[in-house]
Amino acid sequence: MKLLALSDIHNNLITVRKMRAQERNVFDAIVIAGDLGGDAVEGLFGILKTFKCPIMYVWKLGGLS
């Protein structure tokens, strides 16, 4: 299984676009480990959906460690 793992994106769509331009559609799933940045979430998922594989997001609830 080939996973693309991302974390700490912090609204940085420029880097995500560069990563997408370099990667082919060879992943079985994408795993995002938090810190997306609220302003760029829609754009981020728009880019990642072009991989045509499931996208999983590790959700952290506030106040829990």
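**Strands first**

I started in the middle of the sheet: strand 2, residues 29–32, pairs with strand 3 in the parallel sense, and three bridges join them. Worth noting straight away that I'm looking at a predicted model.

Next I looked across that pair and found Ile 32 opposite Tyr 57 of strand 3.

Then I checked the whole sheet. It is open, has three strands in the order 1-2-3, and the pairing is parallel. Which strands stand at the edges? Strand 1 (3–6) and strand 3 (55–57) do; each has a single partner strand, so one side of each has no neighbour in the sheet. I also looked up the turn between neighbouring strands here: 20° on average, ignoring direction.

**Helix 2**

What packs on this sheet? I found helix 2, residues 41–48, touching strand 1, strand 2 and strand 3. Its direction makes about 155° with that of strand 2.

I listed the buried residues of helix 2 and got Leu 44, Ile 47 and Leu 48. They sit on the same side of the helix, because they cover an arc of only 95° around the axis. I then asked what covers these buried residues: strand 1, helix 1 (13–22), strand 2 and strand 3 are included.

**The core**

I looked for the largest nonpolar core and found one with 16 residues. Which residues have the most contacts inside it? My note says Ile 30, Leu 48 and Phe 51. As for where the core residues come from, strand 1, helix 1, strand 2 and helix 2 each supply at least two. Leu 48 I had already met, among the buried residues of helix 2.

Phe 51 got its own lookup. Leaving out residues up to four places away in sequence, Phe 51 touches Leu 4, Met 19, Arg 20, Glu 23, Arg 24, Asn 25, Phe 27 and Ile 30.

**Asn 25**

Asn 25 was on that list, so to speak, as one of the residues Phe 51 touches. I located Asn 25 in the loop between helix 1 and strand 2. Its relative accessible area is 47%, which makes it partly exposed.

What does Asn 25 contact, apart from neighbours within four places in sequence? I found Arg 20, Thr 50 and Phe 51. With Arg 20 there is also a polar contact, side chain to side chain, at 2.7 Å.

Last lookup of the day: Asn 25 and Met 1 are 24 residues apart along the chain, and their C-alpha atoms are separated by 13 Å.

Terms used: Residues are numbered from 1 along each chain as its sequence is written. This is a predicted model: local features need pLDDT of at least 70, side-chain atom pairs count only at pLDDT 80 or more; totals for chains, interfaces and linings use all residues. Side-chain values use heavy atoms; hydrogens and water are left out. Two strands pair if DSSP finds at least two bridges between them. Helices (H or I, at least four residues) and strands (E, at least two) are DSSP runs, numbered from the N terminus. Axes are lines fitted to C-alpha atoms, for helices over the stretch in contact, and angles run from 0 to 180 degrees between N-to-C directions. Contact means heavy atoms within 4.5 Å. Buried means under 20% relative accessible area, exposed over 50%, partly exposed in between (1.4 Å probe, protein chains only). The arc is that of the directions from the helix axis to the C-beta atoms. A polar contact is a pair of N or O atoms within 3.5 Å; within protein, one must be able to donate a hydrogen and the other to accept it, and residues adjacent in sequence count only if both atoms are side-chain atoms. A nonpolar core is a set of buried Ala, Val, Leu, Ile, Met, Phe, Trp, Tyr and Cys residues joined through side-chain atoms within 4.5 Å.
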